[in-house]
Amino acid sequence: MTWVASTRDEQREQLGRFLLGTGNIGGIASQTGPGIGLSESEGLALIDHAVAAGITTIDTADVYAGGVSERVVGRWSSAHPEQSVLIQTKTGATPSGPDLSPERVRRQLTRSIDILGRVDLYIAHRLDPHTPWADSLPVFSDAVQTGTIRAYGLSNVDGKALEAALETADRLGLVRPELVQNSYSLLERSDDDHVLPVVKAEGLAYTPFSPLANGLLAGRYSNGERPAAGSRASVASRSADWLDQPAVVKKLRAFDRVAAEHHITSAGLALAWLYNHPVVTAPIISVSKSSQWQAIDEAATMPWTPPVQDAVNSLFE
Ligand SMILES: NC(=O)c1ccc[n+]([C@@H]2O[C@H](COP(=O)([O-])OP(=O)(O)OC[C@H]3O[C@@H](n4cnc5c(N)ncnc54)[C@H](OP(=O)(O)O)[C@@H]3O)[C@@H](O)[C@H]2O)c1
């Protein structure tokens, strides 16, 4: 039983060319507090804008902003029954660590459906070292078989864990995980060696998060600027690690120059690289200001010629 199509073009028909991330509604990821993230009304306006711009899949998680993100997506969805968007949510990242125990996954799915109205795509948010795939995957598989969800996937998996999950699903006769949601961008390339070959060979959908490396690939921090309080980069420890490395900052500066030479924003070029990547189905984008939508238009429309591809790849190899 499969739902996700095996070619990238067909997967884009199903999921769209970009997915909307809502990890910045009510907070940023699991962090909340004054000045962090969009308010509820800003979140509703963000989803309106995204759907008007052609986005057809909205990504959230039960843990985002203590549940505010799911509640806003659910409010938007119930106010717009005419819109046929897919709703994707995640479970298994809890404030006290990863938990994919079957009872909890089952409970959280019921809870998310109550809040969101429905869950189309359900994702295991984190690897849980205490719950083997043989225990957690049957819950996801049953949810597909009973028609509760359309498909399920895995997030934050390395190649070994992904292969083990596929092998477990096959051995137990379960519905397979069909979507992979990992961090992947010009700066974060861990998936190149192992995960992407598996995704390609198995015909999975690959929807990377943090396509701009939390905004670092948007040209905002290339001259030694530090992330302002409340910005996406300010709440991601990985961003501070990168910005502390002079070699990375030098690459970001060179990348900004390539973008300028091609009359495109740095964010647009970083998204264009993913948009034209042969194994990427669709990046999960996050937008905190309406001016940031321009980069998404640029990514989808810029001519991706061999000289542009070579110029970008040579910087980040
Ligand atoms: N599965 C997981 O574990 C996981 C983890 C992280 C995220 N996610 C999902 O993936 C989504 C995207 O992740 P992310 O927020 O890390 O993505 P990202 O694309 O790397 O960073 C997005 C942030 O970059 C800044 N930005 C975006 N466009 C810009 C532009 N044109 N110019 C300048 N700055 C720009 C904005 O932040 P500011 O303006 O606030 O600086 C925006 O919130 C999340 O919303 C969530 O749904 C999943």
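**Exercise 1. Which residues does Leu 269 touch, not counting residues up to four places away in sequence?**

Solution. Keep in mind that you are working with a predicted model.

Step 1: Start at Leu 269 and look for heavy atoms within 4.5 Å, the cut-off for contact.

Step 2: Leave out residues up to four places away in sequence, and you find that Leu 269 touches Phe 255, Val 258, Ala 259, Ile 264, Met 302, Trp 304, Val 308 and Val 312.

**Exercise 2. Place Leu 269 in the largest nonpolar core, and find the helix that gives the most to this core.**

Solution. Step 1: The largest nonpolar core has 87 residues, and Leu 269 is one of those that touch the most other members, together with Leu 162 and Leu 217.

Step 2: Helix H10, residues 266-275, gives the most to this core, with eight residues.

Step 3: Now look for a separate core. A second one has 11 residues, including Val 4, Leu 15, Leu 121 and Ile 123.

Step 4: For background, nonpolar side chains in soluble globular proteins tend to be buried together.

**Exercise 3. Describe the surroundings of the ligand, and give its polar contacts with Gly 23, Ser 155 and Asn 214.**

Solution. Step 1: There are 29 residues around the ligand, and those that come nearest are Ser 210, Asn 214, Arg 220, Ser 286 and Ser 288.

Step 2: Sort the shell by residue type: nine residues are nonpolar, 14 are polar and six are charged.

Step 3: Use 3.5 Å as the cut-off for a polar contact between N or O atoms. A polar side-chain atom of Ser 155 is 2.8 Å from a ligand nitrogen atom. With Gly 23, a backbone N or O atom lies 3.0 Å from a ligand oxygen atom. For Asn 214, a polar backbone atom is 2.7 Å from an oxygen atom of the ligand.

Step 4: Taken alone, the ligand exposes 910 Å², and the protein buries 92% of that.

**Exercise 4. Is Ala 29 buried, partly exposed or exposed, and which class fits Asn 214?**

Solution. Step 1: Find Ala 29 in the loop between strand S1 (19-21) and helix H2 (40-52). Its phi is near 55 degrees, a positive value in a residue other than glycine.

Step 2: Find Asn 214 in the loop between strand S9 (205-206) and helix H8 (237-243). Asn 214 also has a positive phi, about 65 degrees, although it is not a glycine.

Step 3: Buried means under 20% relative accessible area, and exposed means over 50%. Ala 29 has 29% relative accessibility, so Ala 29 counts as partly exposed. Asn 214 has 11%, so Asn 214 counts as buried.

Terms used: Residues numbered from 1 in each chain as written. Predicted model: local features only at pLDDT ≥ 70, side-chain atom pairs only at ≥ 80, totals over all residues. Heavy atoms only, no water. Near = heavy atom within 4 Å. Polar contact = N/O pair within 3.5 Å; in protein donor to acceptor, adjacent residues only side chain to side chain. Areas by Shrake-Rupley, 256 points an atom, 1.4 Å probe, with all protein chains shown as cover. Nonpolar A, V, L, I, M, F, W, Y, C, P; charged D, E, K, R; others polar. Core = buried A, V, L, I, M, F, W, Y, C linked by side-chain atoms within 4.5 Å. Buried < 20%, exposed > 50% of the residue type's maximum accessible area, 1.4 Å probe, protein only. Helix = DSSP H or I, 4+ residues; strand = E, 2+ residues; numbered from the N terminus.
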